[in-house]
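Thanks for sending this one over. Here are some notes to read alongside the model, with cavities to begin with and aromatic rings after that.

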Amino acid sequence: MTDGAKFDTWSAGQSYEHYMGRWSRMVATKFVDWLDAPSSADWLEIGCGSGALTQTILASASPLTIKATDASDDFVAHARAATSDDRVTFQTANAQELPFEDASFDVVASALVLNFVPDKIVALKEMQRVLRPGGIASFYVWDYPGGGVGFIDAFWQAAAEVDHKAADLNEGSRFPFCTEMGLADICVQAGLSPTITPLEITTRFNEFEDFWMPFTLGAGPAPGYCMSLPNDHREALKAKLKENIGGLSPIDLTARAWAIKSTVRA
Ligand SMILES: C[S@@+](CC[C@H](N)C(=O)[O-])C[C@H]1O[C@@H](n2cnc3c(N)ncnc32)[C@H](O)[C@@H]1O
């Protein structure tokens, strides 16, 4: 495990939902629209988390079935409890070793997961293996290196000002491939012919406490780091972040994801 990865805490679905799921849900709506997948398709979702993309597929893509999977038992349990629809079943599964037969699905989709998977090429090949000929492999990840997630960027900038060692923990440093070129490159290496587009949303926080609170919930890399700090260090970070935000109210910041889709050979 790398130094940064030790703060990648994936449990407590409700806390994750408040920190990130609610924003992923907004991107998911644009993503499913852009994907324009055929209706009555069999979907596989990889890394469903609290169910943001799962529920969007159900609401907007008229799927026949969805198999929604995640490596975390906690998240699978949370998403299952939060989603009541006979078309979806939930299962624990690792993106690098999908427990499904070849050619089982029409669409594979994954939201904000690929950067956390150790071997991305293996995961992209697994996506293709389980797709039927002519099926769609798809995913989105935040544009971390482009400063694409304003609230996370603000957090790590303040964290590094308080303790320079935190600079290496910023997802922009940890996931340098999350650029248009970098993503195209790993997709091609994995045998895909990707179409890539940016998807942007505005993350709105009513005031500073609303901005700060999700970082204290412990779910996700920045909150995991935040809650690992001694109290006085955490208070110094909070004060620096507040100073940097500078009295904005509401706090409106942009978050940009890269969305990728590729049809596998018929
Ligand atoms: C940032 S969350 C995204 C959750 C959800 N898709 C969303 O958009 O809100 C990353 C998710 O990837 C899952 N994950 C991390 N590594 C994984 C792997 N190797 N295989 C499957 N899921 C994984 C985590 O458990 C977590 O639920």
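1. What volume does the largest cavity have? The answer is about 40 Å³. Please keep in mind that this is a predicted model, and that every value in these notes is computed from it. With a threshold of 30 Å³ or more, the count of cavities is two.

2. If you would like to find the largest cavity on screen, select Ile-46, Ala-95, Ser-110, Val-113, Leu-114, Val-117, Ala-123 and Met-127, which line it. By class, seven of the lining residues are nonpolar, one is polar and none is charged.

3. The second largest cavity has a volume of about 30 Å³. Its lining consists of Tyr-144, Gly-148, Val-149, Ile-152, Asp-153, Asn-170 and Gly-172. Here the classes divide into three nonpolar, three polar and one charged residue. Asp counts as charged and Gly as polar in this scheme, in case you wish to redo the tally.

4. Now to the rings. How many aromatic pairs does a search of the whole structure find? It finds 20. One of them joins Phe-31 and Tyr-140 in an edge-to-face arrangement, with 4.9 Å centre to centre and 65° between the planes. This pair links distant parts of the chain: Phe-31 belongs to helix H1 (residues 13-35) and Tyr-140 to strand S5 (residues 131-142), 109 residues apart. Are these two rings buried or exposed? Phe-31 is buried because its relative accessible area is 0%, and Tyr-140 is likewise buried, with a relative accessible area of 0%.

5. Another pair to look at is Trp-212 with Phe-215, which is tilted: the centres are 6.4 Å apart and the planes make an angle of 45°. The cut-off for pairing is 6.5 Å between centres, which is useful to have in mind when reading that distance. Both Trp-212 and Phe-215 are buried.

6. Trp-212 and Phe-215 also belong to a cluster linked by ring pairs. Which other residues take part? They are Tyr-19, Trp-23, Phe-151, Phe-155, Trp-156, Phe-205, Phe-208, Phe-211 and Tyr-225. Showing these side chains together lets you follow the cluster by eye.

7. Finally, a contact between a charge and a ring. The charged end of Lys-261 sits over the ring of Trp-34, at 4.5 Å from the ring centre. I would be glad to hear how you read this one.

How values were computed:
Residues numbered from 1 in each chain as written. Predicted model: local features only at pLDDT ≥ 70, side-chain atom pairs only at ≥ 80, totals over all residues. Heavy atoms only, no water. 1 Å grid on protein atoms, 1.4 Å probe; cavity = no way out; pocket = protein on both sides within 12 Å on 5 of 7 lines; lining within 4 Å. Points joined across faces, edges and corners; volume = space filled by probe spheres on them. Phe/Tyr/Trp six-rings, centres within 6.5 Å; stacked < 30°, edge-to-face > 60°. Helix = DSSP H or I, 4+ residues; strand = E, 2+ residues; numbered from the N terminus. Buried < 20%, exposed > 50% of the residue type's maximum accessible area, 1.4 Å probe, protein only. Lys NZ or Arg CZ within 6 Å of the ring centre and 35° of its normal.
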